[in-house]
Amino acid sequence: MFIHIKSYVASIFMALVFLSVAPNNAYAHGEKALEPFIRMRTIQWYDVQWSQESLKVNDEVVVTGKFHVAEDWPRSVPKPDAAYLNVAIPGPVLIRTERYLNGQPWVSSAALKLGGDYDFKIVLKARLPGRYHIHPFFNLQDAGAVMGPGHWVEVTGDAATFTNSVKTISGETVDMETYGLVNGVSWHVLWIVLGTAWLLWWVRRPLFIPRFKMLKSGNEDALITPLDKTIAKGILVVVPLFVFGAYAMTDSQHPNAIPLQAALDQIEPLPPTVNNGAVNVKMIRTEYRVPVRTMNMVAQIHNYSDQPIRIGEFASANLRFINPSLDQPGKNEEDTLVAAKGLVIDDDKLIQPGETKTVSMAAADALWETEKLDGLFRDADSRMGGLLFLYDPSGKRYIASISTSVIPKFD
Ligand SMILES: [Cu+2]
C-alpha cells in the first residue's frame with residue numbers, strides 16, 4: 001500500500017517536473033513572469049538601443065538605454081538597495097566586457113534611488129555563433145529579475161577564433177578562456193577521486209543490516225579494523241597539510257591577490273534637469289476595459305516649462321503606446337512591443353506654458369493581454385505605473401512618471 005502511494009506521488013512529481021521543463025514558447029525567458037505591478041512600477045526602461053544586430057565572433061554590440069526608478073515602488077517589493085544590471089542571454093554566448101551607469105564604470109551592485117533616472121551602457125563581445133534575444137535586465141535583491149526590452153542579435157563566424165585576453169594590474173596578459181582551467185579541474189578530480197575511494201572502501205564490505213546485526217550482538221569492535229583507523233588518521237593529517245601546502249604555494253606565486261569585491265558601488269542618479277521636472281501629471285481616474293483591451297486614463301497635466309507641449313507616448317512595462325498624430329523620434333514601428341497608433345488623446349492640443357489641463361487618454365492594444373499585464377486585477381496591488389513622454393514644438397522631450405490605481409471594467 002505504502003509503495004503504491006509512493007509511486008503515485010513520484011509519478012505526479014515527475015509529471016510536474018516535465019510540465020515545468022517542457023517549454024510552450026521557446027523564445028520567452030521570463031519577460032512576462034513577474035506580476036504586472038512589479039513590471040510596471042519598479043524599473044521603467046526607455047530609449048533602449050542595440051548598436052547592431054548582426055555581428056561576427058569577436059565583434060562588439062553595445063546596449064545603451066535609460067531607466068526611471070518608479071517613485072511608487074510597490075510595498076511588497078524590497079527597496080532596490082542592491083541592484084545589479086545584467087544581460088539576459090542563453091548562456092555564455094556573448095561576454096560582457098564593460099558596463100557603465102551614468103558614465104561611471106560599474107562593477108558591483110549599486111543602490112538605486114526611487115524617482116531617479118539612470119543612463120546605462122553595456123558592451124558585449126560575441127563568443128558563440130547563433131541567434132539570440134538580448135535583454136538588459138535588473139537583478140533586484142530579494143525581488144527578482146525585471147526584464148528590459150529584448151532584441152534579436154545574430155552572431156556568425158567561427159567560435160574557435162574567439163579571443164578573450166585581459167591584462168592584469170601586474171602587467172601579465174592572461175587568456176580568460178583557459179586561465180586556471182587545469183588548476184580548477186585538477187582540484188575537482190582530486191576531491192572526487194579521494195571521496196569516491198573512501199566511500200568504496202566502506203561500501204565493499206557488508207552494509208547496513210549485517211552491520212546492524214553485529215552491533216546488536218555486541219560484536220561492534222569487529223566493524224572497524226585497525227587498518228581503517230590508520231587510513232582515517234592518515235587522511236586527517238595529509239589532507240589539511242596538502243591544502244595548506246597548496247595555499248602557501250599559491251600565496252607565494254601570487255603575493256598580490258585581491259579578493260572578490262563585495263562593497264556596493266555608489267552612483268548618483270542623473271540630475272533632475274535631464275527630465276526637467278517641468279511637467280507634472282496627476283492621475284485622476286484610470287479604468288481598464290477588459291473586452292477592448294484599453295486603458296482609459298484621465299490626467300491633470302500642469303506645464304511648468306516655458307514651451308507649449310503635447311503628449312507623444314505612454315510607456316509601461318516595456319510597452320510603448322504612441323500618439324500617431326505626433327511625429328516623434330524613435331518610434332520603431334516594427335518593434336513588437338510598440339503600439340504605433342496605440343495612444344488616442346481626446347483633446348490633443350498644445351498645453352501652453354503655465355496651463356493646467358485635464359486630458360483623457362486611451363492606450364489601446366492587444367499587447368495588454370498578450371504581455372499578460374491585464375492580470376493586474378487579480379493582484380492584491382492593482383496599481384499601474386508608467387512614463388508619459390511629452391514634446392515641445394522643437395522636439396524636446398519632457399518625461400513625467402505616473403502612478404495610478406486601476407479599476408477594471410468588464411463590459
Ligand atoms: Cu527575449
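This briefing walks through the domains, strand pairings and a few single residues of the chain shown above. The model is predicted: local features need pLDDT of at least 70, side-chain atom pairs count only at pLDDT 80 or more, and totals for chains, interfaces and linings use all residues. Residues are numbered from 1 along each chain as its sequence is written. The chain averages a pLDDT of 89, and 92% of the residues score at least 70; pLDDT is the predictor's confidence in each residue, from 0 to 100.

**Confidence and domains**

- Take care with residues 21-26, where the pLDDT is below 50 and the stretch has 0 contacts in the model beyond near neighbours in sequence. A contact here is a pair of residues whose C-beta atoms, placed from the backbone, lie within 7 Å.
- Where pLDDT is low, the predicted coordinates should not be read in detail.
- The domain assignment gives domain 1 (29-170), domain 2 (181-253) and domain 3 (275-409); such bounds come from an automatic or database domain assignment.
- Taken over C-alpha atoms, the centres of domain 1 and domain 2 are separated by 45 Å.

**Strand β8 and its partners**

- A few terms help here: helices (H or I, at least four residues) and strands (E, at least two) are DSSP runs, numbered from the N terminus. Two strands pair if DSSP finds at least two bridges between them.
- Strand β8 (residues 130-140) runs antiparallel to strand β4 (residues 83-88), and 6 bridges join them. Within this pairing, N86 stands opposite F137 in β8.
- Strand β10 (residues 151-156) is also antiparallel to β8, with 5 bridges between them. Here I134 has H151 in β10 as its bridge partner.
- With strand β9 (residues 144-147), β8 shares 4 bridges, again antiparallel. One facing pair is N139 and A145, the latter in β9.
- β8 and β9 form a hairpin with 3 residues between them.

**The open sheet**

- Elsewhere, 5 strands form an open sheet with mixed pairing, in the order β17-β16-β15-β20-β21. β17 (338-339) and β21 (397-405) stand at the edges, each with a single partner strand, so one side of each is left without a neighbour in the sheet.
- Strand β16 (residues 319-322) pairs with β17 in the parallel sense over 2 bridges, and F321 stands opposite A339 in β17.
- As background, strands of a sheet pair through backbone hydrogen bonds, either parallel or antiparallel.

**Residues to look at**

- D142 lies in the loop between β8 and β9 and has a positive phi of about 65° although it is not a glycine. D142 counts as exposed because it has 10 C-beta neighbours inside 10 Å. The cut-offs, with C-beta atoms placed from the backbone, are these: buried if 20 or more other C-beta atoms lie within 10 Å of a residue's own, exposed if 12 or fewer, and partly exposed in between.
- N102 sits in the loop between β5 (94-101) and β6 (104-105). Phi of N102 is near 50°, a positive value in a residue other than glycine. N102 counts as partly exposed, because 19 C-beta neighbours are inside 10 Å.
- K229 belongs to helix α5 (residues 226-253) and is exposed, with 10 other C-beta atoms within 10 Å. K229 and A159 are 70 residues apart in sequence, and C-alpha to C-alpha they are 52 Å apart in space.

Key
Contact = placed C-beta atoms within 7 Å.
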